[in-house]
Amino acid sequence: MPLTSADFAAIWLTLQLASLTTVILLIVGTPIALWLAHTRSRFRGPIGAIVALPLVLPPTVIGFYLLLAMGPHGYVGQFTQFLGLGTLTFSFAGLVIGSVIYSMPFVVQPLQNAFTAIGPRPLEVAATLRANRWDTFFTVILPLARPGFITAAILGFAHTVGEFGVVLMIGGNIPEKTRVVSVQIYDHVEALEYAQAHWLAGAMVVFSFLVLLALYSSRKSQTGWS
Amino acid sequence: MSSINLRLQHGYPGFALDLDLQLPGKGVTALYGHSGSGKTTCLRCIAGLERASKAYVQINDEVWQDSHNDLFVPVHKRALGYIFQEASLFPHLSVRANLEFGLRRIALKERRVDMAHATQLLGISHLLERAPKNLSGGERQRVGIARALLTSPRLLLMDEPLAALDSQRKREIMPYLERLHAELDIPVLYVSHSQDEVARLADHIVLLSEGKVLASGPIGETLARLDLPLARGDDAGVVVEGQVTDYNLHYQLLTLQLPGSSQHLRVAHASMAVGQTLRVKVQARDISLSLSSGEHSSILNSLHVTVVGETAADNQAHVLVRLDAGGTALLARITRYSRDQLGLYVGQSLWAQIKSVAVLA
């Protein structure tokens, strides 16, 4: 057996982390993307820039600030301690929060593009046909933006799987709690277990290729507005 | 008497809408003006798609907006039908599902238009299972209109529904709009910059220019007003709705009695029953004035008229003369030379010889 039980634990943890992060991001990212796509507020630029920050910042920078914020002396840390939850650093919950921030632009931007492409007209039409906002969201926006949601989910999931720097900064390397595949590979290499590293790294390459293949093959089935 | 009351003040850089209108609560009211005159903005404010900074919008006995009392009924709670310039059908839904989109959201007891009626009225019964992308532009717009009707609106707002169509498609849709007008008891606000559409459909016209109302009144009277830019153009003319009093089968000629007058117009047309009404347009340039009745002539219609006033046309060579044909206003566009030759004065009795009459509906 080329993969050890520690490897499988890391894969399982990674899948859990990526799935949960993707679900949270779709829920949190949708209203942000809707707002960015339709607002005429002057805060549109700054908010858009903040959402896009993780695209350009080194993951260590994000991790560093999160470590400070969630640590025992940070605002978030003090709040979670006040709630009796302890601190979020070096925990799975902390990793989820870090991943949500880290992968945010990969979910918000495809959604925002999809909502912008739909434009305001279908929403106006729905309103004149007596649909309220929630109704319009589920019966018009969601079906019309479906390709955008698929892209956003795939990118959010894949990008979280590929996370390394943020995890190392705020999660450390605790088996079955914070040790994800990328960290496990790092460990193998540190321990000069190149064969082990090969198996995991190769699996990541295949996985990433398949994800992107699925993404680019689904692009042709976009619906247009008539 | 039911009516529509509108007071709207709305502006953005470079444009201000400021109007105060009382409109009839039934029939078709045209909002007419050049692009940029505020027609569409006005319609969007009435619908609530745009929130006018100061507004009072009352449709018959319902108030939709009253900024004094902080009342703003959201769009989806206003019983209106809105027809956009492009049909804007939902591409992910079939024609049937598009039609049902609005219908499903109307309580059963509120429904006054059913699927069979709407699809038959717009001639789209055979298209129900199609996808919007497989429809022609005209068919799409008809589906859009039926979709709006199925919400049983108390007011139909139409924003240049024909503007995006070529002239053949326009001709294809026009009869359906006329049927709407004839068969349904829903007041319509119809935005247009086409005199032809307005002449065919409207009962009442509001003339807009740069966000202000230049004139608002019944179509026949307003088109004949000399003080409005409408009268000065080459396309000036009046709309007359006459009642059929006779049909000559041999010559295929209808005789129409002019409203409020004992005079008649004869029109080449297919047979119609006595008592029905027919709308015709008489162009100002198709009327010539004469001191005699001109009985020995190929001209079909010669009306006894009185001169009411005159104004300059859009060029130096012509003048516009307003005439009264026993209660029906007419406009004649004649040369200044002819005016002087006739010695035209207000109160003068003349004969108006009408070279042609265009049947509108």
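In this predicted model, the loop that joins strand 10 (204–209) to strand 11 (212–218) of chain B contains B:Glu210. The backbone of B:Glu210 deserves a short look: its phi is near 50 degrees, a positive value in a residue other than glycine. For orientation, most residues other than glycine have a negative phi. As for its surroundings, B:Glu210 has 14 other C-beta atoms within 10 Å. Because a residue counts as partly exposed when this number falls between the limits of 12 or fewer for exposed and 20 or more for buried, B:Glu210 is partly exposed.

A second residue invites a similar look. B:Ser152 is found in the loop between helix 4 (137–149) and strand 8 (155–159) of chain B. The phi of B:Ser152 is near 45 degrees, again a positive value in a residue other than glycine. With 19 other C-beta atoms within 10 Å, B:Ser152 is partly exposed, since burial calls for 20 or more.

Stepping back to the whole chain helps to place these two loops. Chain B has eight helices and 21 strands. Its C-alpha trace spans about 65 × 50 × 35 Å along the principal axes. For 361 residues, a compact globule would have a radius of gyration near 21 Å, and the 22 Å of chain B agrees with this. Of those 361 residues, 40% count as buried. Contacts across the sequence complete the picture: among contacts in chain B with a separation of 6 or more, 66% are between residues 24 or more positions apart.

Notes. Residues numbered from 1 in each chain as written. Chains lettered and ligands numbered in written order. Predicted model: local features only at pLDDT ≥ 70, side-chain atom pairs only at ≥ 80, totals over all residues. Helix = DSSP H or I, 4+ residues; strand = E, 2+ residues; numbered from the N terminus. Rg over C-alpha atoms; globule rule 2.2 N^0.38 Å. Contact = placed C-beta atoms within 7 Å.
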